Amino acid sequence: MLPWTTYEDMYNAARHQPEQFWLDSAQRITWKRAPEIASRKREDGWYDWFSGATLNTCYNAVDRHVENGRGEQPALIWHSSAANACQIVTYRELQGRVAGFAGGLRSLGVEKGDRVLIAMPTMVETVIAMLACARIGAIHVVVFAGYAGPELAHRIDDVTPKIIIFASYYFQNLTQISSLPVLNAALAQAAHKPDACIIVHRSKDSTPFFPSVTYDFHMLEQSSPATPLVLCAEDPLYILHTSGTTGNPKGIVRDNGGHAVAMALSMELIYGCQPGDIFFTTSDLGWVVGHSYGVYAPLISGCTSILIEGGASPSTIHGLCDKHKVQCLFTTPTQLRLIRQESRNLSHLHLASPAKVFVAGEYAEPTLLDWARSYFQRPVVNHWWQTETGWSITAHFFGLPEAEPAALMNDIGRPAPGFDMFIVPSIPDEECGEIRLSLPLPPGCLAGVWKNETSHIPTSYLDGRGQHYRTFDEGMIDQRYALHMLGRSDDVIKVSGRRISAVQIEKIIAAHPTVAVCAVISVPDALRGHRPVAYVVPVNDIENIPSSQEIIAQVSHDLGKWTGLREVHFVNYLPMTVSGKIKRRDLSIC
């Protein structure tokens, strides 16, 4: 049970008594040696969490639930529409398969601190490989299965893995794609060569395979089981590369102790989940949401995690939520828009009480949230976080007995414990500006960025004095602590000396009933310096477009004619990253 009844109680406890707050929070997981201190400043100015304590993350995610009588409870429910397959894996079955595969990794010489690169789609075997690495202290590096050879080669050279694990094929929507040509290309291009590769044979594949040393995944599962290795709280658990939308991808390092505590607290405090609840995230395991809330947080909390491969169609989400009585659905604005497009072909999805829907990845406009609330008949809320933070910077807190104020539901929430936010205005006396976070960041955030077999914090993440973390997002904070997001710093448009967020304009355009999704970018203007240009995808098709003048008039009415919007381009789709974020830079060169 949480010791707080209101948000203010929780926020004040974390801000004014952080040491006691986090030591109390640490009691949610099982330690080999319990922590005596919460945070400790490092020589490089960053902070370690629970230094001196020891634990094993895999034990916390699997073994302790078997020991506590949850062995027959489903740990994972895996569904693939493309493969027409489904698996349900209990905690006891998961324990056996993870321990066996961990023993197989050890038989190949994998030791504590070695990197294991996992280039796999969302499969049960991907989770087994991640947990097996955690069991023996190896550092897993999960890479999205759809990357091309050069991207995979970059990650191989960055982390120099001892072993690479991959599946013989993956699905892009319903299309089966062989993984072997991409892996061959990456291994030929990469300077580093792994000791061996492990393959999950999904079917016979005629493509020649480059490495000479290859092992079968399922045969290695039959190895002598490995017991959980006792690790220091600050030992690395995994490396996960950012998407690269703001430059070269960085290998974010996550620790064991702080990460486990943050995952356990967030499941109860933010998502209102208890052991045995069903948690469904539509994210691929190659992204941070898949790591945090597809695998670690649900399993550490004794929940059942639903995973899906090959894209989650609206009808598939509808069916899985209904069949398994999902208590928590974690998805993206893009996915909600797809559901909205197909909703006329689906019955209303009434999620079981006390179910709720969480949206992250990009900002979800209020009109989309209102539609989703009507469709799901349950709370639907935004929250905000980054690959670097690993969990929510701001959120809505369904674990607290006090109901969230209705006025906050369309915002992206208030700060989670340990995130001390403030605004640095670009123009003096403005209320909005870049959002920065005071150090130390709470447990679960990045322990460093991987480079040359060590981790460090790049100066680009910190302000000039090295005392604050830069989010590179812009917004404003009101008197209720609620954050109003304006977008990335480079999404702010200066028109005749005035600053306007692309997100502000997008909200207005997205409210039009014929608009499915939109994006606004900045282009040079000889008179005003810059002006906004809008790209709009209609709800139905390009033949039934709304009036551009109607959209321009609405923006002028709501924000003022000074915004200078006079170009609206109607398109069939917007370019997106593989993680579902709109690539505005690509629009700027169209």
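Which residues does Trp-78 touch, not counting residues up to four places away in sequence? The close-ups below start there and work outwards through this predicted model.

**View 1. Trp-78 and its neighbours.** Trp-78 sits in strand 4, which covers residues 74-80. Leaving aside residues up to four places away in sequence, its contacts are Ala-85, Cys-86, Gln-87, Thr-122, Met-123, Val-124, Arg-202, Leu-307 and Glu-309. Its relative accessibility comes out at 5%, so Trp-78 counts as buried. The strand around it is mostly covered too, with 6 of the 7 residues of strand 4 buried. For a longer reach along the chain, take Val-357: this residue is 279 positions away from Trp-78 in sequence, and the two C-alpha atoms are separated by 20 Å.

**View 2. Strand 4 and its two partners.** On one side, strand 4 pairs with strand 5 (residues 85-90) in the antiparallel sense, over 6 bridges. Pro-74 stands opposite Thr-90 of strand 5. These two strands make a hairpin with 4 residues between them, and Asn-84 in the turn has a positive phi of about 55 degrees. Strand 4 also pairs with strand 17 (residues 304-309), this time in the parallel sense and over 5 bridges. Here Trp-78 stands opposite Leu-307, a residue that also turns up in the contact list of Trp-78.

**View 3. The 7-strand sheet.** Pull back a little and strand 4 becomes part of an open sheet of 7 strands, ordered 5-4-17-16-18-19-20 with mixed pairing. Strand 5 and strand 20 (380-382) are the edges, each pairing on one side only. From one strand to the next, the twist averages 20 degrees. Within this sheet, strand 16 (residues 278-281) and strand 18 (residues 328-331) run parallel and share 3 bridges; Phe-280 has Leu-329 of strand 18 as its bridge partner. Two helices to look for are helix 10 and helix 13. Helix 10 lies across strands 4, 16, 17 and 18, at about 170 degrees to strand 16. Helix 13 (residues 366-376) packs on the sheet as well, touching strands 18, 19 (356-359) and 20, and its direction makes about 150 degrees with that of strand 20.

**View 4. Helix 5 against helix 10.** Helix 5 (residues 124-136) packs on helix 10 (residues 288-300) at about 60 degrees, with the axes 12 Å apart. The two are therefore oblique to each other, and the crossing is right-handed. Helix 5 brings Val-127, Met-130, Leu-131 and Ala-134 to the contact, while helix 10 brings His-291, Val-295, Tyr-296 and Leu-299. Sorted by class, that makes 7 nonpolar residues, 1 polar and no charged ones.

**View 5. The 9-strand sheet.** This open sheet has its 9 strands in the order 12-11-8-6-7-14-15-25-26, and the pairing is mixed. Its edges are strand 12 (214-216) and strand 26 (454-456), each with pairing on one side only. On average, neighbouring strands are turned by 30 degrees against each other, direction ignored. Inside the sheet, strand 6 (residues 115-119) and strand 7 (residues 139-143) run parallel and are joined by 5 bridges; Ala-119 has Val-143 of strand 7 as its bridge partner. Helix 9 (residues 257-269) packs on the sheet, touching strand 14 (236-241) and strand 15 (251-255), and its direction makes about 80 degrees with that of strand 15.

Definitions and conventions
Residues are numbered from 1 along each chain as its sequence is written. This is a predicted model: local features need pLDDT of at least 70, side-chain atom pairs count only at pLDDT 80 or more; totals for chains, interfaces and linings use all residues. Side-chain values use heavy atoms; hydrogens and water are left out. Axes are lines fitted to C-alpha atoms, for helices over the stretch in contact, and angles run from 0 to 180 degrees between N-to-C directions. Angles under 35 degrees count as roughly parallel, over 145 as roughly antiparallel, 65 to 115 as roughly perpendicular and the rest as oblique. A crossing is left-handed if the near helix is turned anticlockwise from the far one by less than a right angle, and right-handed if clockwise. Contact means heavy atoms within 4.5 Å. Ala, Val, Leu, Ile, Met, Phe, Trp, Tyr, Cys and Pro count as nonpolar, Asp, Glu, Lys and Arg as charged, and the others, Gly among them, as polar. Two strands pair if DSSP finds at least two bridges between them. Buried means under 20% relative accessible area, exposed over 50%, partly exposed in between (1.4 Å probe, protein chains only).
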